[in-house]
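Colleague: I should like to learn how to read the features of a model such as this one. May we take them in turn, beginning with the charged side chains?

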Amino acid sequence: MAFTLPELPYAYDALAPHIDAQTMEIHHSKHHQGYVNKLNAAVEEAELEGKSLEKLLKKASENAGIRNNGGGHYNHSLFWSILSPDGGGRPYGSLAKGIKESFGSFKLFKEEFAKAAATRFGSGWAWLGVRRKKLVICTTPNQDNPLMDVAECSCKPILGLDVWEHAYYLNYQNKRGEYINSFFEVVDWKKVRENYDVAMGLKK
Ligand code: MN
């Protein structure tokens, strides 16, 4: 079974003005599709068909094509899934409690996450993830992610933010900080909470 591009659960223009339609369309239909195509080619060449994406990522150090494109596929699939035109606001329930325990408050979490995303040099990702039943913030370069054997920060990601210029340049140019602030307006905290509950073993 080859990997396929997931359909977005909303229209390309649904996240505007926070993320504009043209950026969404190019990002999903060109960039993400490109990672999927190259991942399938790399998997075929390495004769690793049938392995799950998470299994492949655990051995990312062994294959640059799988590292870059498997990471690209995983990271973007998570990214699309935690965005929503009905997003924004604050987390609630188990996730709100977890954020308070790990970061002190939602406001402090947002500040720490925004700082991590803003200071990731060059292309990469900022993550909120679960490590040993605690929430952590970390960043990775390029298309790496915390599931890979090469990652300096190991965790189960529940929310990711793409800080490659291709994710924001059309609308925000060099103003990554404004893009990060806008991202919080479209985060689907219901979905992030589901991811949290699964990562914590509270829910299957
Ligand atoms: Mn991207």
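Colleague: How many salt bridges does the count come to?

Modeller: This is a predicted model, and the count comes to seven salt bridges. One of them joins the side chains of E54 and K156, with N to O at 3.0 Å. E54 belongs to helix α2 (residues 53-58) and K156 to strand β3, so this salt bridge ties together parts 102 residues apart in sequence.

Colleague: Are E54 and K156 buried or exposed?

Modeller: The general idea is to read the relative accessible area, where under 20% means buried, over 50% exposed, and the range in between partly exposed. E54, at 34%, is therefore partly exposed, and K156, at 30%, is likewise partly exposed.

Colleague: Which residues are joined into one network by salt bridges that share partners?

Modeller: Consider two pairs in helix α8 (residues 189-199). K190 and E194 form a salt bridge whose closest N and O atoms are 3.7 Å apart; the two residues are four apart in the helix, a separation of about one helical turn. K191 also forms a salt bridge with E194, with 4.0 Å between the closest N and O atoms, and here a spacing of three residues again gives about one helical turn. Sharing partners in this way, K190, K191 and E194 make up one network. K190 is exposed at 52%, whereas E194 is partly exposed at 27% and K191 is partly exposed at 25%.

Colleague: What does N195, in the same helix α8, touch?

Modeller: Leaving aside residues up to four places away in sequence, N195 touches L78, I82 and I158. N195 has a relative accessible area of 16% and is buried, because the cut-off for that class is under 20%.

Colleague: How is strand β3 placed, enclosed or open?

Modeller: Six of its seven residues are buried, so β3 is largely enclosed by the rest of the structure. Strand β1 (residues 124-131) pairs with β3 in the antiparallel sense over six bridges. Within that pairing, W127 has G160 of β3 as its bridge partner.

Colleague: Which residues coordinate the manganese ion?

Modeller: One reads the donor atoms, then their spacing in sequence. H27 (NE2), H76 (NE2), D162 (OD) and H166 (NE2) coordinate the manganese ion at 2.0 to 2.1 Å. The spacing of these donors is H-x48-H-x85-D-x3-H. Among them, H76 in helix α3 (residues 64-81) and D162 in strand β3 (residues 156-162) link distant parts of the chain, 86 residues apart. At 0% relative accessibility, H76 is buried, and D162 is buried at 0% as well.

Definitions and conventions. Residues numbered from 1 in each chain as written. Predicted model: local features only at pLDDT ≥ 70, side-chain atom pairs only at ≥ 80, totals over all residues. Heavy atoms only, no water. Donors = N, O, S within 2.8 Å, 3.2 Å for Na, K, Ca; no water. Buried < 20%, exposed > 50% of the residue type's maximum accessible area, 1.4 Å probe, protein only. Contact = heavy atoms within 4.5 Å. Pairing = 2+ DSSP bridges.
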